[in-house]
Amino acid sequence: MPIPNQDPIIVAPTPTPFTADGSVDYDALTRNIHRWLETPLSGFVLTTANGEEHSLSEEEREEIVRVASQAHGGSRFTIAGIDNPSERETLRLAERYANAGADLIRVRIPRGLTPAAVEHYFDAVTSNSAVPVVVIHQTFDDSPATTAEVVGKVCSLPNVFGYITDHDLRFEGYVCPLLIQDRRFWICNGALLSYGALLGANGACMWLGNIAPKLCIDIMQLGLDDSFAQTRPLQAIATHLDEVIMKYGLAGVKAALDIMGFEGMRPRAPLAAVSESGRLEISTALEAAGVV
C-alpha cells in the first residue's frame with residue numbers, strides 16, 4: 001500500500017515486545033502487527049524512544065523494521081526512526097532501514113547543534129536519503145537549533161514528507177505557517193489532538209494511537225471538518241488516558257497494551273514493569289474509555 005494521500009494520517013510508535021529473558025520477540029511483534037491491522041491505524045513507527053530504541057542493538061532495530069514490514073505486507077506503511085547527529089551515520093542507517101522495508105525515515109533534530117549546522121545536516125540527509133524524511137522536533141533541550149525559522153527551512157527541503165511537533169503549542173504555532181502546503185503537520189500527543197487540529201495539524205504520531213487509534217482518528221477528522229465543539233468529549237477521553245497511562249511512562253503504555261491482550265509487553269531491563277496497583281488504575285481508565 002502506498003503512503004496515504006488522504007488526511008488524517010494517524011501513526012504510532014510501536015512498542016518492542018520482549019521475551020521473559022529480555023530478547024526481542026519477533027514472533028510476538030508479527031502477531032501484534034496483525035492485531036493492529038484490524039484497527040484504522042495508518043502505519044507503524046519503529047525504532048523510537050517508545051520502542052526502547054536505545055536499549056536495542058542496530059541489528060535488532062533493523063530486524064524489527066523488516067519483521068514489521070513483512071507482517072503488514074504493504075497494507076500499511078512503515079516509518080523507521082533515527083536519532084543520530086552524524087549525517088554519514090544517519091544516511092547509512094536510512095539505507096539499511098529502507099532495504100529492510102521502511103517507506104519513510106523519521107529523523108530527530110540533532111541536539112546541541114547551531115542553526116547553521118542543523119540546516120547543513122538536513123540538507124545532506126534529505127538530498128541523499130533513499131526514502132522521504134519525516135522531521136521530528138522533540139529534541140529535549142533548548143538548543144538554538146530549535147527556532148521556528150530553522151524548523152520551517154528544514155521542513156521545506158525536497159524529500160521531506162512531513163513534520164512531527166513538540167509539545168509546546170505556542171512554538172508550533174510559529175512553525176505551522178512556515179511549512180509549505182504539501183507537508184504533513186502531525187501533532188505529537190493524544191492529549192493535544194483537538195488543539196493540534198485547531199492549530200493546523202492534519203494528522204498525528206503518538207503512543208495513544210497504539211491503544212485507541214479510532215478515537216484519535218475521530219478527533220482529528222472532526223478537527224479537519226472544523227467541528228471542534230464535537231471534539232471536546234472525545235478529547236476529554238484521550239486526555240484522561242494520557243494522564244493515567246503516562247504517569248508510568250513507557251512501562252504504562254506497555255501495561256495498557258498487555259491488558260488489551262498484546263504480546264510481549266514487558267519493558268527491557270533495567271526498566272521496571274508497572275505495579276499491580278498501577279495496572280489496576282490503567283485498566284480502570286481503559287474500561288472507562290471503552291477501549292477494553
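**Notebook: rings, strands and a pocket**

I looked up phenylalanine 122 first and found it buried, with a relative accessible area of 0% (buried means under 20%, exposed over 50% and partly exposed in between, with a 1.4 Å probe and protein chains only). Before going on, I noted that this is a predicted model, in which local features need pLDDT of at least 70 and side-chain atom pairs count only at pLDDT 80 or more, while totals for chains, interfaces and linings use all residues. Residues are numbered from 1 along each chain as its sequence is written, and side-chain values use heavy atoms, with hydrogens and water left out.

**Rings**

I searched the whole structure for aromatic pairs and got five (rings of Phe, Tyr and Trp, the last by its six-membered ring, pair if their centres lie within 6.5 Å; planes under 30 degrees apart count as stacked, over 60 as edge-to-face and the rest as tilted). Tyrosine 121 and phenylalanine 122 form an edge-to-face pair, 5.0 Å centre to centre and with 85° between the planes. Tyrosine 121 is buried as well, at a relative accessible area of 1%. I also noted a cluster in which ring pairs link Trp36, Phe44 and Phe262.

**Strands**

I then followed strand 5, residues 133-136 (strands are DSSP runs of E with at least two residues, helices runs of H or I with at least four, both numbered from the N terminus). Val133 and Val135 point one way from this strand, Val134 and Ile136 point the other way, and all are buried. In a regular strand the side chains alternate between the two faces of the sheet.

Strand 4 runs parallel to strand 5 and is joined to it by four bridges (two strands pair if DSSP finds at least two bridges between them), and valine 107 has valine 135 as its bridge partner. Between these strands the chain passes through helix 4, residues 115-128, in a right-handed β-α-β crossover (with the strands pointing away from the viewer, the path from the first strand over the helix to the second runs clockwise). Strand 6, residues 160-164, is also parallel to strand 5, again with four bridges, and there glycine 162 is the bridge partner of valine 134.

**A residue of helix 12**

Which helix holds leucine 280? I found leucine 280 in helix 12, residues 276-289, where it counts as exposed at 59% relative accessibility. Leucine 280 and isoleucine 259 are 21 residues apart in sequence and 9.6 Å apart in space, C-alpha to C-alpha.
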